[in-house]
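Here is a set of short exercises to work through with the structure open beside you. Try each task before you read its solution.

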Amino acid sequence: MECLVQIDIEKCFPSVPHKSLLKVIRKYIKDKPFVDLVSSWLCGPIITEDGISIEHGYKGLPQGSPLSPVLFNLYLHDVYSLMG
């Protein structure tokens with residue numbers, strides 16, 4: 001039996017906690033250098049167009065990056081698998 005869930009998640013990208021996301025990534029990807037690279041990308045500062053550095057914090061995925069939807073889908077897949 002298949003189950004299709006369609007939901008609208010408001011402000012989903014800014015709400016993903018880095019610690020939980022990295023735990024999910026480590027569960028599926030065993031290549032430590034790759035996971036470290038993703039971790040540094042998540043936790044690194046964001047440089048705006050005018051050169052101002054903004055600290056990224058402990059949650060959220062950068063909007064506009066092609067990697068953000070992939071990481072969010074991986075995160076949701078794991079959360080959904082825990083529900084069923």
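Helices and strands are here DSSP runs, with at least four residues for a helix and at least two for a strand, numbered from the N terminus. With that in hand, glutamine 63 falls in the loop between β2 (53-54) and α4 (67-83). Please keep in mind that this is a predicted model.

**Exercise 1. The overall layout**

Find how many helices and strands the chain has, and the pattern they follow along the sequence.

Solution.
- Step 1: the secondary structure comes to 4 helices and 2 strands.
- Step 2: reading along the sequence gives the pattern α-α-α-β-β-α.
- Step 3: turn to burial, where 26% of the 84 residues count as buried.
- Step 4: look at the surface, whose accessible area comes to about 6,600 Å², with 62% of that belonging to carbon and sulfur atoms.
- Step 5: for contacts between residues at least 6 apart in sequence, 62% join residues at least 24 apart.

**Exercise 2. A loop residue and its partners**

Which residues does glutamine 63 touch, not counting those up to four places away in sequence? Is glutamine 63 buried or exposed?

Solution.
- Step 1: the contacts of glutamine 63 are with Phe13 and Pro14.
- Step 2: take the C-alpha atoms of glutamine 63 and proline 14, which are 8.2 Å apart in space although the two residues are 49 apart in sequence.
- Step 3: the relative accessibility of glutamine 63 is 60%, and exposed means over 50%, so this residue counts as exposed.

**Exercise 3. Serine 15 in helix α1**

Work out what the side chain of serine 15 reaches, and which residues serine 15 contacts beyond its neighbours within four places in sequence.

Solution.
- Step 1: place serine 15 in helix α1, which covers residues 12-15.
- Step 2: follow its side chain to the backbone oxygen of cysteine 12, at 2.9 Å.
- Step 3: set aside the neighbours within four places in sequence, and serine 15 is in contact with Lys59 and Gly60.
- Step 4: check leucine 61, 46 residues along the chain from serine 15, where the C-alpha separation is 7.9 Å.
- Step 5: compare accessibility, which is 40% for serine 15, a partly exposed residue, and 13% for cysteine 12, which counts as buried.

**Exercise 4. Salt bridges**

How many salt bridges does a search of the whole structure find? Identify them and place their residues.

Solution.
- Step 1: the search finds 2 salt bridges.
- Step 2: one joins aspartate 78 and lysine 27, with the closest N and O atoms 2.8 Å apart. Aspartate 78 sits in helix α4 and lysine 27 in helix α2 (residues 18-28), so the pair ties together parts 51 residues apart in sequence.
- Step 3: aspartate 78 is buried at 8% relative accessible area, whereas lysine 27 is partly exposed at 44%.
- Step 4: another joins lysine 32 and aspartate 36, whose closest N and O atoms are 2.9 Å apart. These two residues are 4 apart in helix α3 (residues 32-43), so about one helical turn separates them.
- Step 5: lysine 32 is exposed at 55%, and aspartate 36 is partly exposed at 37%.

**Exercise 5. Aromatic rings**

Find how many aromatic pairs the whole structure has, and describe the geometry.

Solution.
- Step 1: the search gives 1 aromatic pair.
- Step 2: the partners are phenylalanine 13 and phenylalanine 72, with ring centres 5.5 Å apart and planes at 45 degrees, a tilted arrangement.
- Step 3: phenylalanine 13 belongs to helix α1 and phenylalanine 72 to helix α4, so the pair ties together parts 59 residues apart in sequence.
- Step 4: phenylalanine 72 is buried, with a relative accessible area of 10%.

**Exercise 6. Leucine 74 in helix α4**

Which residues are in contact with leucine 74, leaving aside its neighbours within four places in sequence?

Solution.
- Step 1: find leucine 74 in helix α4.
- Step 2: its contacts are Val24, Ile25 and Tyr28.
- Step 3: the C-alpha atoms of leucine 74 and isoleucine 25 are 7.6 Å apart, with the two positions 49 residues apart in sequence numbering.
- Step 4: leucine 74 has 22% relative accessibility, and buried means under 20%, so leucine 74 counts as partly exposed.

Definitions and conventions
Residues numbered from 1 in each chain as written. Predicted model: local features only at pLDDT ≥ 70, side-chain atom pairs only at ≥ 80, totals over all residues. Heavy atoms only, no water. Buried < 20%, exposed > 50% of the residue type's maximum accessible area, 1.4 Å probe, protein only. Contact = heavy atoms within 4.5 Å. Polar contact = N/O pair within 3.5 Å; in protein donor to acceptor, adjacent residues only side chain to side chain. Salt bridge = Lys/Arg side-chain N within 4 Å of Asp/Glu carboxyl O. Phe/Tyr/Trp six-rings, centres within 6.5 Å; stacked < 30°, edge-to-face > 60°. Areas by Shrake-Rupley, 256 points an atom, 1.4 Å probe, with all protein chains shown as cover.
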